[in-house]
Structures are given as structure tokens and as C-alpha cells.
Amino acid sequence: MLTLKSVHSYYGRLHVLKGISLHVRQGEIVALLGANGAGKTTTLKTISGLLKPRKGAIEFLGEDISRLGAEYIVGRGIAHVPEGRRVFSTLSVAANLELGAFSRHDRQAVQTDLDELQDRFPILRQRAKQAAGTLSGGEQQIVAMARALMARPKLLLLDEPSMGLAPRLVQQIFEVISGLKETGTTILLIEQNARAALKVAHQ
Ligand code: ATP
């Protein structure tokens with residue numbers, strides 16, 4: 001589904017990715033492990049188009065997406081949940097979820113997906129009107145993941161979803177990831193918690 005071929009990325013003159021190659025097959029969960037500063041976040045940003053690779057190719061479903069803008073890459077079916085639970089903090093939980101579906105035009109299916117997510121994560125319904133920034137860290141992580149799922153992604157990029165969370169919440173987040181595995185969602189996951197990540201990952 002996704003192939004990176006010898007990808008090089010830079011921040012200005014700082015050469016961070018030096019020829020990374022990897023592949024993710026449809027339906028797989030792939031965990032990307034590495035030391036702090038190794039370039040894991042940079043890899044996800046390069047895939048989702050937030051950073052342009054200077055060399056190499058990124059193919060998604062047979063198409064070279066390495067020169068496409070981030071908004072087109074979302075449209076192709078790649079959703080990115082960035083590090084640090086970036087919700088739109090002044091917007092309500094419901095508005096955050098609606099924004100996740102901004103590129104979709106199938107309004108009825110959007111509503112069905114919203115209902116399903118709210119059934120799966122009751123907090124999304126209970127706190128629909130609350131400003132997302134006032135939720136706890138773990139709750140915000142659920143909003144961030146649900147917002148990405150509202151795009152009905154073919155591939156989900158998760159950047160350290162358990163970071164900074166209490167053990168009980170880490171367990172909940174991994175239950176969510178296992179649940180997504182059951183539904184066949186393809187996931188590229190970055191985690192410091194290597195043991196938990198390798199438990200759910202295929203590669
Ligand atoms: P961590 O596990 O600590 O989150 P990581 O593997 O995700 O690390 P990256 O965030 O990809 O690492 O960073 C890789 C390198 O690029 C680091 O040396 C970092 O300091 C540098 N870097 C990251 N973002 C920028 C930026 N916007 N401008 C300049 N350098 C950056």
C-alpha cells in the first residue's frame with residue numbers, strides 16, 4: 001500500500017532522513033521504532049506532505065505522492081495524528097470531529113461514521129459540546145484519533161499515541177489500536193512503548 005524508496009528529508013541544511021526505505025501492506029500495523037531524534041516524526045511528516053522529500057520516492061496505492069501537497073495526500077486517504085494530541089483546543093469535540101471529515105462529500109455516510117465513533121467512544125458524545133482543549137490528555141488523544149478516522153482513511157499515521165499518558169490510558173489507547181486492527185485499518189505507528197507496539201504490530 002505504501003512504499004518509501006530511499007527517501008531523504010531536510011530541515012534547511014539539516015539532513016535528517018538519509019535514504020529511508022520501508023513498506024506497509026494493506027491491513028497491516030507497522031511499528032516504527034527508534035531512538036529520540038532518529039527521525040520517526042520526520043518520516044511521518046514526509047509521508048503526509050508536511051515536509052517535502054528532496055530525494056527518493058513515496059508511493060501510495062501505486063501513485064508517486066512525494067510531490068503532492070498535504071491537502072491532496074489527505075484526499076488520497078492518508079490521515080496523520082500528530083505527536084502531542086493536537087486537537088483544535090477552542091473548538092468543541094463535535095466540531096473537531098466534523099473537521100476531520102472536511103474533505104468528504106458523502107454527508108450521510110459522515111453522519112453514520114460519527115454515530116459509530118460515538119458509540120465506540122462514548123466520551124465523544126458525552127462531551128460533544130465541551131471545548132476539546134479542556135479534556136484530559138487521554139480523552140484528547142481519543143478525539144485526535146477519532147478526528148482522523150472521520151476522514152475514513154485508508155492509512156492512518158499515528159505519532160506516539162501513548163506519550164505522556166498514565167498506564168491505564170496507555171492500555172485504552174492500545175485497545176483502540178487493536179480494535180482498528182480488527183476492522184482492517186492499515187496503520188503506521190510510532191511508539192516509545194516498544195513492547196506494547198510490537199504486541200499489536202505485524203512488522
Ligand atoms: P522523538 O522520539 O524524540 O520524538 P523522532 O525520531 O521523532 O524523535 P524527529 O522529531 O523526526 O525525531 O527529529 C529528527 C531530527 O530532526 C532531530 O535532530 C530534531 O532535532 C530535528 N528536527 C525536527 N524538527 C525540526 C525542525 N522543524 N527544524 C529543525 N530541526 C528539526
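**Exercise 1. Give the volume of the largest pocket and describe its lining.**

Solution. The largest pocket has a volume of about 520 Å³. A pocket here is an open set of points on a 1 Å grid over the protein atoms alone, where a 1.4 Å probe fits, with protein on both sides within 12 Å along at least five of seven lines; lining residues have an atom within 4 Å of a point. Grid points are joined across faces, edges and corners, and the volume is the space filled by probe spheres set on the points.

The model is predicted: local features need pLDDT of at least 70, side-chain atom pairs count only at pLDDT 80 or more, and totals for chains, interfaces and linings use all residues. Residues are numbered from 1 along each chain as its sequence is written, and side-chain values use heavy atoms, with hydrogens and water left out.

Step 1, residues: 20 residues line the largest pocket, and Val74, His80, Pro82, Phe102 and Arg147 lie nearest its centre.

Step 2, elements: at least two lining residues each come from helix H2 (70-76), strand E6 (78-81), helix H3 (93-100) and helix H6 (137-149). H2 gives the most, four residues. Helices (H or I, at least four residues) and strands (E, at least two) are DSSP runs, numbered from the N terminus.

Step 3, classes: the lining of the largest pocket holds 14 nonpolar, three polar and three charged residues.

**Exercise 2. Describe the second largest pocket in the same way.**

Solution. Step 1, space: the second largest pocket holds about 250 Å³.

Step 2, residues: its lining includes Asp113, Glu116, Arg120, Arg152 and Gly184. Helix H4 (residues 107-120) supplies the largest share, four residues.

Step 3, classes: this lining divides into four nonpolar, three polar and four charged residues.

**Exercise 3. Characterise the shell around the ligand and its polar contacts.**

Solution. Step 1, shell: 14 residues are around the ligand (a heavy atom within 4 Å). Gly37, Gly39, Lys40, Thr41 and Thr42 come nearest.

Step 2, elements: strand E2 (14-24) and helix H1 (40-47) each supply at least two shell residues, and H1 has the largest share with three.

Step 3, classes: five shell residues are nonpolar, six polar and three charged.

Step 4, polar contacts (pairs of N or O atoms within 3.5 Å): an oxygen atom of the ligand lies 2.5 Å from a side-chain N or O atom of threonine 42. A polar side-chain atom of asparagine 36 is 2.9 Å from a ligand oxygen, and a polar backbone atom of alanine 38 is 3.2 Å from a ligand oxygen.

Step 5, cover: of the 640 Å² of accessible area (Shrake-Rupley method, 1.4 Å probe) that the ligand has on its own, the protein covers 62%.

Note on methods. A polar contact is a pair of N or O atoms within 3.5 Å; within protein, one must be able to donate a hydrogen and the other to accept it, and residues adjacent in sequence count only if both atoms are side-chain atoms. Ala, Val, Leu, Ile, Met, Phe, Trp, Tyr, Cys and Pro count as nonpolar, Asp, Glu, Lys and Arg as charged, and the others, Gly among them, as polar.
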